[in-house]
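Me: Please walk me through this model. I want short answers with the cut-offs spelled out.

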Amino acid sequence: MKKQVLLYKKLSPLLMARLHEQTEVTLIDNLNADGLAKLRDALPRAHGLLGASLKLDAGLLDLAPDLEAIASVSVGVDNYDIDYLTERRILLSNTPDVLTETTADTGFALILATARRVVELANMVRAGQWTRNVGPTQFGTDVHGKTLGIIGMGRIGEALAQRGHFGFGMPVIYHSHTPKPAVEQRFNAQYRSLPELLQQADFVCLTLPLTAETEGLIGAKQFALMRRESIFINISRGKVVDEAALIQALSEGQIRAAGLDVFEREPLNHDSPLLQLNNVVATPHIGSATHETREAMATCAVDNLLAALAGERPKNLVNTKAWKA
Ligand code: DGY
């Protein structure tokens, strides 16, 4: 008998066909109240789950006694209680690697957009307010040659360092759990403590995962260490930052600008003070959101799920302790 898969993300026809060939699929194509009710109804029969952007806690997963595997279409796994999954021996997989370059591109888009005030000035043109050549009040600040500070030197941090070092001639400094000699050699990067990095970087970029340890890592004390000219970029998770402290730092000119792809609450509230600030570029969590990369992520997730349901170890198993060969 085919295994039951509960899909809470639409896939391309090609990937749908692959899943249908090997499993019985129930599609929840919208995570609104109706969709969530449908999901709860289907969980008792599910062997596998595939999707993204849904907090799957014990309250929901207790409804799924036969669940064997969850394939998350994301690299971040902050939506899952890993200890709970491991205890139940539910295999959790994610989609690293395939989104690294695209997410680093998003980081650089935010670096350039904030430094050169791209959104603010493009809006000025659109509003018919370009009536004379721009002067110092509209000037931005250089990116090339400035110091790139990366907090969290994983795959995405490295891809950002590569762009900064080779593309923009930027000195790279970084902070992570442990120094990374290979990264230092490739990009001439230098390790710094967190306070040192905050004091020295022109661009402070967050690329680390949200965990109990990183939640609220950057708050008022950390913004106070940054220079008035520095720009803050977040492509990791909103909860790594105390958003109220960020708003205060931006409003009081403690830092120059912020490029934000992630927020404490998503979607961001329309009345967020962040949206009143000209020195903020806010994007709707588009880190990996290109046609090519999202298809590659979905393919990776389908591969992971089908492997797990066939009793094989998925390539991108997160909770390795749940695997008993
Ligand atoms: C990821 O893959 O974790 C992206 O941030 C989308 O959630």
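**Helix packing, sheet and rings**

Reply: Helices α1 and α12 are roughly parallel to each other, a label for angles under 35 degrees (over 145 is roughly antiparallel, 65 to 115 roughly perpendicular, the rest oblique). The model is predicted: local features need pLDDT of at least 70, side-chain atom pairs count only at pLDDT 80 or more, and totals for chains, interfaces and linings use all residues. Residues are numbered from 1 along each chain as its sequence is written, and side-chain values use heavy atoms, without hydrogens and water.

Me: At what angle do the axes of α1 and α12 cross?

Reply: Axes are lines fitted to C-alpha atoms, for helices over the stretch in contact, and angles run from 0 to 180 degrees between N-to-C directions. Helices (H or I, at least four residues) and strands (E, at least two) are DSSP runs, numbered from the N terminus. The axes of α1 (residues 13-22) and α12 (residues 291-309) come within 10 Å, and they cross at roughly 10°.

Me: Which residues of α1 make the contact with α12?

Reply: Contact means heavy atoms within 4.5 Å. On the α12 side, the contact includes Ala 298, Val 302 and Leu 306. From α1 come Leu 15, Arg 18, Leu 19 and Gln 22.

Me: Which strands stand at the edges of the sheet?

Reply: The open sheet has 5 strands in the order β2-β1-β3-β4-β5, with parallel pairing. Strands pair if DSSP finds at least two bridges between them. An edge strand has a single partner, so one side is left without a neighbour in the sheet; here these are β2 (23-27) and β5 (91-93).

Me: Over how many bridges do β3 and β4 pair?

Reply: Gly 48 stands opposite Ala 69 in β4. Strands β3 (residues 48-51) and β4 (residues 69-72) pair in the parallel sense, and the count of bridges is 4.

Me: How far apart, centre to centre, are Phe 108 and Phe 168?

Reply: Rings of Phe, Tyr and Trp (its six-membered ring) pair if their centres lie within 6.5 Å; planes under 30 degrees apart are stacked, over 60 edge-to-face, the rest tilted. The structure holds 4 aromatic pairs. Phe 108 and Phe 168 are stacked, with 25° between the planes and a centre-to-centre distance of 4.7 Å.

Me: Is Phe 108 buried or exposed?

Reply: Buried means under 20% relative accessible area, exposed over 50%, partly exposed in between (1.4 Å probe, protein chains only). Phe 168 has 27%, so this residue is partly exposed. Phe 108 has 5%, so the label is buried.
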